[in-house]
Amino acid sequence: MVLLDLSLTDPKIITDADENDGKVVCVRCKTSISDKKYMITVTGDSPFHTFTNPHGFSFNIITFGYCENVMEVSEPVGEYSWFPGYLWSILACRECHEHLGWRFSGDVGEVNQFFGLIREKLIFPLGE
Ligand SMILES: [Zn+2]
């Protein structure tokens, strides 16, 4: 397993949530994972996406430019990438090892790295 250096990669901030109001935490262990202010739009006009993998499982994904307390638990691969041109690797919570989503990386457009996190694996304190 590889611990990531999750440096912020120039996210296009699309929310103006207050510093302390937007915390996004792991649904299982409540560890801080990100913040609403780090949600970014990578493709289309929203950070919210629904994708289906080759096994037929659907995921509600939210894209973030930054997250913390996660670890990469697979090698980056390009097959079946939901974001063309980007490699993906599996992300798990560093505390409880819950599968939270994927890291996407690639030399594509303005964003070289972002995180597609599974909506149901996150808690947004303000609802939404
Ligand atoms: Zn957790």
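This is a short walk through one predicted chain, from its overall make-up to a few single residues.

First, the ground rules. Residues are numbered from 1 along each chain as its sequence is written. The model is predicted, and local features need pLDDT of at least 70, side-chain atom pairs count only at pLDDT 80 or more, and totals for chains, interfaces and linings use all residues.

On confidence: pLDDT is the predictor's confidence in each residue, from 0 to 100. The mean pLDDT of the chain is 84, and 81% of its residues reach 70 or more. Residues 1-19 have a pLDDT below 50, and beyond near neighbours in sequence this stretch has 35 contacts in the model. A contact here is a pair of residues whose C-beta atoms, placed from the backbone, lie within 7 Å.

Now the make-up of the chain. There are 10 strands and zero helices. Both are DSSP runs numbered from the N terminus, with helices being H or I of at least four residues and strands being E of at least two. Read from the N terminus, the order of elements is β-β-β-β-β-β-β-β-β-β. Of contacts between residues at least 6 apart in sequence, 53% join residues at least 24 apart.

As for burial, 27% of the 128 residues count as buried. Buried means that 20 or more other C-beta atoms lie within 10 Å of the residue's own, exposed means 12 or fewer, and partly exposed is in between, with C-beta atoms placed from the backbone.

Next, the sheets. Strands of a sheet pair through backbone hydrogen bonds, either parallel or antiparallel. For this analysis, two strands pair if DSSP finds at least two bridges between them.

One open sheet has three strands in the order E3-E2-E10, with antiparallel pairing. Which strands stand at its edges? They are E3 (32-35) and E10 (122-123), and each has a single partner strand, so one side of each is left without a neighbour in the sheet. Strand E2, residues 23-26, pairs with E3 over three bridges and with E10 over two bridges. Val 25 has bridge partners on both sides: Ser 32 in E3 and Ile 123 in E10. Also along the E2 and E3 pairing, Lys 23 stands opposite Asp 35. These two strands form a hairpin with five residues between them, and Lys 30 in the turn has a positive phi of about 65°.

Moving on to strands E6, E7 and E8. Strand E6 (residues 70-72) pairs with strand E7 (residues 87-93) in the antiparallel sense over three bridges, and Met 71 stands opposite Ala 92 there. E7 also pairs with strand E8 (residues 99-105), again antiparallel, over six bridges. In that pairing Trp 88 stands opposite Phe 104. E7 and E8 form a hairpin too, with five residues between them.

The turn of that hairpin holds His 97, in the loop between E7 and E8. Phi of His 97 is near 70°, a positive value in a residue other than glycine. His 97 counts as partly exposed because it has 13 C-beta neighbours inside 10 Å. Asn 69 also has a positive phi, about 60°, although it is not a glycine. Asn 69 sits in the loop between E5 and E6, and with 17 other C-beta atoms within 10 Å it is partly exposed.

Leu 87 belongs to strand E7. Is Leu 87 buried or partly exposed? Leu 87 has 18 C-beta neighbours inside 10 Å, so it counts as partly exposed. Its C-alpha atom is separated by 5.4 Å from that of Phe 104, 17 residues apart along the chain. Not counting residues up to four places away in sequence, Leu 87 touches Phe 104, Ser 105 and Gly 106, and also Pro 76, Val 77, Gly 78 and Ser 81.

Last, the core. A nonpolar core is a set of buried Ala, Val, Leu, Ile, Met, Phe, Trp, Tyr and Cys residues joined through C-beta atoms within 7 Å. The largest one has 24 residues, and Phe 64, Leu 100, Phe 114 and Leu 117 touch the most other members. Elements giving two or more residues to this core are E2, E5 (58-64), E7, E8 and E9 (113-118). Leaving aside neighbours within four places in sequence, Leu 117 is in contact with Ile 61, Ile 62, Phe 64, Cys 67, Leu 100, Gly 101 and Leu 122.

Definitions and conventions: Two residues are in contact if their C-beta atoms, placed from the backbone, lie within 7 Å.
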